[in-house]
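Student: I would like a close look at one part of this model, with the reasoning set out in full. Please take me from a single residue into its surroundings.

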Amino acid sequence: MDAFSPEGLFRSPHRSLRGTSVYLHHTNRPPYRSIPPESLFSFLSYPHLVLGDFNLHHPLADPCCSLSEREFTLSARYLDFAFDIPYHLLNTPGVYMRFPFDTILRPSFLDLAFTNTTLSPLVSSWDTPLPSTGSDHVPFVKTLKPPEKMLPPPTAHWALLDLHAVGEAVNAFTTLPCPARPTLYSLGRWFDIPSTRLSSLLTSHARSKRPCPHSKPWWSPRLSSLRREYHKFAKISRLDPSRLNWSNVKSLRRTYFKAIASAKKTHWSDFLSSATPHSLWTVKRLAFGCPPHRFPDLPGASDPTDVVETLLHHFFPPKPLPPVLLHLTRHEDFTPLTSEEISRALSKSSNTAPGPDHIPYSVWKSVYCLKPSLLPSLLDPLLAHGFHPPFLKNALGIVLDKPGKPSYDSRSSFRVIVLLRTLSKILERVVTFRLSAQATTCSLIHLLQCGSLPGRSTADAALILQHHVESFHHLGYKVSTLFLDVKGGFNNVESPSLLSLLHRKEVSLYLV
């Protein structure tokens, strides 16, 4: 069904809105459903909604559902294809939409709704408030609003986390034993379920905050009282000037605005007095304001979808994937993680912006203090089998403009920062410590390498350069120094070459 509006829909330049109703039934031939995913999800420059009965089960929609490998493979084909285009899944995980008449069967999650990137900003709510229509499926209501009136989604206020309640829940939290002979699917699913449960547990015990564009950190109850009193008497004087003296209203007004100026000055002084090296950028932003946002004006990209595709191919060029092992083996050279390693990894973690889970490092530090054995029990099987699950590879990519560029019509005028899940960064830091311990013994690095190694810094590099310069000067030579900036080296490391090098250097197999 296509809807058309000459003036544009939702005060946007898009004049069309397409809705696709889907019903997939079983077939005996691949893809074992009546409609392939290529026919459902397509690249459209205008809003597109895909919804209906997919007859598919997937952990993203129903984390508590026990799936066979065949069911997971079947549903993953549709959802992975949708996410790659990309489309977004609207359903709230765990909110069931099918309630079988046979009470022996558990409720399930067969009705799905997807939106493309053009329609996603217009979605303000998704809910199932309506009663049953007589079938075993309940309807849902999706509300679309212009993005100008939409407030940011509610986020967890981690500073007000109830540590007492979290402590009881974390101490009672248990994980199932790792499969004896895991596959990629079974080990990934074993990790996905407890990590999703743990993230939901932490989020449910944190108060929600919904930032408002008009919120003022310097506001106080006294200012509310003064504002209420001023507006009350100002209204009375306007309706009946004989009841009040206008000079008294002016005096109340001066008192109210002087109190506002004093509150702002006091708040700014307190903020500066308690500033730390980590908050200096916030001080600069508040003092000088934010720079204007620059939208990429790329040639050949006429709409946001084209811009997204162009930047994705620029920042993440396609490359051949490394070979994937279907069966995993437990490496004998693996040493179990210790609480001290987790503590060391957390101590090196700063409060940087978290990834898709929105859980900062401070929360994991609290979890570690409450139950030190929890994180090692989750991460041990991954390291033992040399497996990094797809759950930890999901990231948020934020495109930032490089300051001082003469024009912003080139892809090189922008850069991307990738925000991974903090749990993934903790595992990455543990592996870094273990790999750096083998770096010297296995001759992985050059003797003059100074960066990213414990005990070495930029000062060592400067002293080495000074030593070489002075040595040649004593021999009567003139010395020139050439510095090279290897651009984009990290993203262009060839995985097969790196793996071959680590094998030749006899690095521990689980680290390779």
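Student: Where does Ser 508 lie?

Tutor: Ser 508 lies in the segment that comes after helix H14 (495-504), where helices (H or I, at least four residues) and strands (E, at least two) are DSSP runs, numbered from the N terminus. The model is a predicted one, in which local features need pLDDT of at least 70 and side-chain atom pairs count only at pLDDT 80 or more, while totals for chains, interfaces and linings use all residues. Residues are numbered from 1 along each chain as its sequence is written, and side-chain values use heavy atoms, with hydrogens and water left out.

Ser 508 counts as buried because its relative accessibility is 15%; buried means under 20% relative accessible area, exposed over 50%, and partly exposed in between (1.4 Å probe, protein chains only). If its neighbours within four places in sequence are left aside, Ser 508 is in contact (heavy atoms within 4.5 Å) with Asp 333 and Gln 438.

Gln 438 leads to helix H12, where it is one of the buried residues, together with Thr 422, Leu 423, Ser 424, Ile 426, Leu 427, Val 430, Phe 433, Arg 434 and Ala 439. These buried residues are covered by elements that include H4, helix H9 (339-347), H10, H11 and strand E11 (414-420). The 20 residues of H12 should span 28 Å at 1.5 Å a residue, and this agrees with the 30 Å between its end C-alpha atoms; the expected span is 1.5 Å times one less than the number of residues. After H12 comes Ser 443, with a positive phi near 55°. Most residues other than glycine have a negative phi. Another positive phi, near 60°, belongs to His 358, which is found in the loop between H9 and H10 and is partly exposed, with a relative accessible area of 48%.

Of the elements that cover H12, helix H4 (residues 184-204) can be followed further. Its 21 residues should span 30 Å at 1.5 Å a residue, and its end C-alpha atoms are indeed 30 Å apart. Among the buried residues of H4 are Tyr 185, Leu 187, Trp 190, Phe 191, Pro 194, Leu 198 and Leu 202. The buried residues of H4 pack against helix H2 (69-84), helix H3 (163-171), helix H10 (361-370), helix H11 (374-384) and helix H12 (422-441).

The pairing of H4 with H11 can be given in more detail. Two packed helices are described by the angle between their axes and the distance between the axes. For H4 and H11, the axes come within 10 Å and cross at roughly 160°, the axes being lines fitted to C-alpha atoms over the stretch in contact and the angles running from 0 to 180 degrees between N-to-C directions. H4 and H11 are therefore roughly antiparallel to each other, a term for angles over 145 degrees, whereas those under 35 count as roughly parallel, 65 to 115 as roughly perpendicular and the rest as oblique. The crossing of H4 and H11 is left-handed, that is, the near helix is turned anticlockwise from the far one by less than a right angle, clockwise being right-handed. At this crossing Leu 187, Trp 190, Phe 191, Pro 194 and Leu 198 of H4 meet Leu 374, Ser 377, Leu 378, Leu 379, Pro 381 and Leu 382 of H11.
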